[in-house]
Each structure stands twice: as C-alpha cells, then as structure tokens.
Amino acid sequence: MGKYIKENYAVPDHRGEAEYASWQRMADYVDAMVKNQELVGQTEIVHYIESICNNRYYHLFVSVDGRCTTSDDKLYFARLGIPIDGSTGIWSRCNEDGRLWWSGQKEMVKYFDLNGNDICLVRKFDALSQIYVNSIICNNLIIDKKVSNGLNIIVYDGVTQRIIDCIGINADADYTFVH
C-alpha cells in the first residue's frame, strides 16, 4: 500500500522532523511489538539466539545456573558475546552499545536502571547445595528461571520498556530449549 501511495500521490516525507517525532516513536513501538511477538513464538534455539543478538534495542541478562560453566559450547556463549573460559555467574549485555557486564564468580548484588525499571542481579552462595544461586529481580519481582542446570536468558526491550521473554537451555535434558 505504501508503495502505491508513493508512486501515485505527492505525499511529503516528514521523517526526521521534530513535530512528527511522536509518529516515529509510535512506529518504532509498533515495530518492536511485532518483533517481540515473533521472538516469543520462536521454537528453534539457533534462530532465537540470532534474533536476540541482532536486535539493537534488547538488553540481555544471562544466568549460568547449576553445574554449568561457560566452557560448555552447546550453550551459545560465543554468539552471546560471553567469554568461553569456564566461568559461572550472571552477564548483562546491552546490544545497543555493546556493553558487557559480568558478576564474577563471587557473591554480589548489582542494580540496573533501564528506563525506570529496576533490575537487580543477585549472586549468593548456598552452603547446603554448595553452589552459587543467581537471581534476577525486576521491579521487586523475582523472575522465574526456566532451568536449574543450564542457561537462563531474560530479554528486556528498550523500546517497549519491559521484559518480553525468559527462556532456558536445559543441560539436564540434552540442551533442550525451554520457553
């Protein structure tokens, strides 16, 4: 339809003009909602990882849980930009500017303010199980992780300003994709 109008009518292009900025923001928002819906419907892990890595507005929170480490090449660490060095912990990756933050392999608490949404990453040692437990909290609500041994990824969209998805890759079940 847009092509037809462009070819048959003289309609001025107002992209980039300040008085039409709200139209562009709304167009970006609708585009983001469509892409987010496509992501949530994704059933193939390879396509899912490519989608979250290629969207510049996504901020990813990646938690390596249970007995897994970044040396496990079946968990897509290289594609996520996480060093493959046998470490554990929580990573934060901002696709827009390429920033990568890591909790380290110790106890810690780290806060992120994403467009007024408070994200808190917590890493504590559990003496009973003798492993570190990672938690991701958004606006005082703990985000349910999908797997206890493997990789959990939380996807935050900077355009819609919300967490849009949470997935897991289960190391105990032949690296299955858990939505």
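The legends below describe close-up views of a predicted model.

**View 1. The open sheet and the order of its strands.** Six strands are the subject of this view: the sheet is open, has 6 strands in the order β3-β2-β1-β8-β9-β10, and its pairing is antiparallel. At the edges lie β3 (100-102) and β10 (176-178), each of which pairs on one side only. Neighbouring strands of the sheet are turned by 15° against each other on average, with direction ignored. Helix α2 packs on this sheet and touches β1, β8 (150-157) and β9 (162-170). The direction of α2 makes about 20° with that of β9.

**View 2. Pairing of β1 with β2.** Strand β1 covers residues 58-65 and strand β2 covers residues 89-94. The two run antiparallel and are joined over 6 bridges. Ser63 can be used to locate the pairing, with Ile90 in β2 as its bridge partner.

**View 3. The hairpin of β8 and β9.** Antiparallel pairing links β8 to β9 over 8 bridges. Within this pairing, Val155 stands opposite Asp165 in β9. Strand β9 is mostly covered, with 7 of its 9 residues buried. The hairpin has 4 residues between the strands. Gln161, found in the loop between β8 and β9, has a positive phi of about 60° although it is not a glycine. Gln161 counts as partly exposed because its relative accessible area is 37%, a value in the range between the 20% limit for buried and the 50% limit for exposed.

**View 4. The hairpin of β9 and β10.** Strands β9 and β10 run antiparallel and are joined by 3 bridges. Asn170 stands opposite Thr176 in β10. Between the strands of this hairpin there are 5 residues, and Asp174 takes a positive phi near 55°.

**View 5. Surroundings of Ile143.** Ile143 lies in the loop between β7 (141-142) and β8. With a relative accessible area of 18%, Ile143 is buried, because the limit for that class is under 20%. Once neighbours within four places in sequence are left aside, the residues in contact with Ile143 are Ile136, Cys138, Ile154, Ile163 and Cys166. Of these contacts, Ile154 is 11 residues from Ile143 in sequence, and the C-alpha atoms of the pair are 8.4 Å apart in space.

**View 6. Backbone at Asn139.** The loop between β6 (131-138) and β7 contains Asn139. Phi of Asn139 is near 50°, a positive value in a residue other than glycine. Most residues other than glycine have a negative phi. Asn139 has 35% relative accessibility and therefore counts as partly exposed.

**View 7. A nonpolar patch on the surface.** The patch is formed by Met1, Tyr4, Ile5, Tyr9 and Val11. Together these residues have about 620 Å² of accessible area. Val11 is placed in the loop between α1 (2-8) and α2 (21-40). Val11 counts as exposed because its relative accessibility is 56%, and the exposed class begins over 50%.

Notes:
Residues are numbered from 1 along each chain as its sequence is written. This is a predicted model: local features need pLDDT of at least 70, side-chain atom pairs count only at pLDDT 80 or more; totals for chains, interfaces and linings use all residues. Side-chain values use heavy atoms; hydrogens and water are left out. Patches are made of residues with over 30% relative accessible area and no salt bridge: like charges are joined within 9 Å, nonpolar side chains (Val, Leu, Ile, Met, Phe, Trp, Tyr) within 5 Å. Accessible areas come from the Shrake-Rupley method with a 1.4 Å probe; for residues, only the protein chains shown count as cover. A salt bridge is a side-chain nitrogen of Lys or Arg within 4 Å of a carboxyl oxygen of Asp or Glu. Buried means under 20% relative accessible area, exposed over 50%, partly exposed in between (1.4 Å probe, protein chains only). Two strands pair if DSSP finds at least two bridges between them. Axes are lines fitted to C-alpha atoms, for helices over the stretch in contact, and angles run from 0 to 180 degrees between N-to-C directions. Contact means heavy atoms within 4.5 Å.
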